[in-house]
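Welcome, and please open your viewer for a short guided tour. At each stop you will hear what to select next and what is there.

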Amino acid sequence: MSEAVEVEQIIETKPRKMALPTSLDKDAIREAYEDVRSNLTDNEWAVFKFDGLKIVCSEKGIGFDEFCAQFHDNERAFGYIRIQMGDEMSKRSKFMFVTWIGPEVGVMQRAKMSTDKSIIKDVINNFAVELQVESSNDLDLMMFKEHLNKAGGANYGTGVREL
């Protein structure tokens, strides 16, 4: 047998690396999701991060600045947040689903986010707006509210129109 054939046979027998699937801590994620949606709790947001190959509830809390502080440049994460919307005539809660891909995240991990997002959206499935954010500059409350207003339909205000 020639040397080239032997090398070819050795190459063919090496196991191929396969990407391992991502899993969820479904119970903890569902509990955090329902907590944010509830009017009976103070928590306004929940953040879900990767613990190895498993997406877990990393943190829950109150306040937009605290929410933003959960996202770091070298990680991937998901956020779910309740934002109070409305005007002087009516107030209502709107929900937003955020996909965070930090600027230091590698190409392969970025690519994997689309499939990972579909897994977590099996649990987190009720929101008015979904955003993908890749910079801390985009974690802006006014921008979030603009997106929610656009998705919300009619906006009533003082009833006075400027012509």
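**Stop one: the hairpin**

Begin by selecting β2 and β3, two antiparallel strands joined by 7 bridges. Before going further, note that this is a predicted model, in which local features need pLDDT of at least 70, side-chain atom pairs count only at pLDDT 80 or more, and totals for chains, interfaces and linings use all residues. Residues are numbered from 1 along each chain as its sequence is written, and side-chain values use heavy atoms, with hydrogens and water left out.

Strands here are DSSP runs of E with at least two residues, helices are runs of H or I with at least four residues, and both are numbered from the N terminus. Two strands pair if DSSP finds at least two bridges between them.

Now pick Phe48: the residue opposite it in β3 is Cys57. The hairpin formed by β2 and β3 has 2 residues between the strands, and Gly52 in the turn shows a positive phi of about 70°.

**Stop two: across the sheet**

Zoom out and colour by secondary structure. The protein chain has 5 helices and 6 strands, and its elements follow the order α-β-α-β-β-α-β-β-α-β-α from the N terminus on. An open sheet of 6 strands runs β1-β3-β2-β4-β5-β6, with mixed pairing. Its edge strands are β1 (23–24) and β6, each of which pairs on one side only.

Start at the β1 edge. β1 pairs with strand β3 (residues 54–61) in the parallel sense over 2 bridges, and Ser23 has Lys54 in β3 as its bridge partner.

Next, select β4 and strand β5 (residues 91–101): these run antiparallel and are joined by 11 bridges. Tyr80 is a good residue to click, with Phe97 of β5 standing opposite.

Then move to β5 and strand β6 (residues 129–133), a parallel pairing over 5 bridges. Add helix α4 (residues 107–120) to the selection, and β5, α4 and β6 appear as a right-handed β-α-β unit. Right-handed means that, with the strands pointing away from the viewer, the path from the first strand over the helix to the second runs clockwise.

**Stop three: Thr99**

Select Thr99, which lies in strand β5. Is Thr99 buried or exposed? Thr99 counts as buried because its relative accessibility is 0%; buried means under 20% relative accessible area, exposed over 50%, and partly exposed in between (1.4 Å probe, protein chains only). The bridge partner of Thr99 in β6 is Gln132.

Show the surroundings too: leaving aside residues up to four places away in sequence, Thr99 touches Ala77, Phe78, Met113, Lys117, Leu131, Gln132 and Val133. A contact here means heavy atoms within 4.5 Å.

**Stop four: the aromatic rings**

Display the side chains of Phe, Tyr and Trp. A search of the whole structure finds 10 aromatic pairs. Rings of Phe, Tyr and Trp (its six-membered ring) pair if their centres lie within 6.5 Å; planes under 30 degrees apart count as stacked, over 60 as edge-to-face and the rest as tilted.

Select Phe50 and Phe78: their ring centres are 6.1 Å apart and their planes meet at 45°, so this pair is tilted. Phe50 is in strand β2 (residues 45–51) and Phe78 is in strand β4 (residues 76–86), so placed that the pair links distant parts of the chain, 28 residues apart. Phe78 counts as buried, at 0% relative accessibility.

Phe67 and Phe71 make an edge-to-face pair, 5.1 Å centre to centre with 80° between the planes, and both residues are buried. Extend the selection, and ring pairs link Trp45, Phe64, Phe67, Phe71, Trp100 and Phe144 into a cluster.

Two arginines are worth a click here. The charged end of Arg76 sits over the ring of Phe50, 3.8 Å from its centre, while that of Arg37 sits over the ring of Phe95, 4.3 Å from its centre. The criterion is that NZ of Lys or CZ of Arg is within 6 Å of the ring centre and within 35 degrees of the ring normal.

**Last stop: a loop**

Finish at Asp122, in the loop between α4 and β6. Asp122 is exposed, with a relative accessible area of 55%. Add Arg30 and draw a C-alpha distance to Asp122: the separation is 9.9 Å, although the two are 92 residues apart along the chain.
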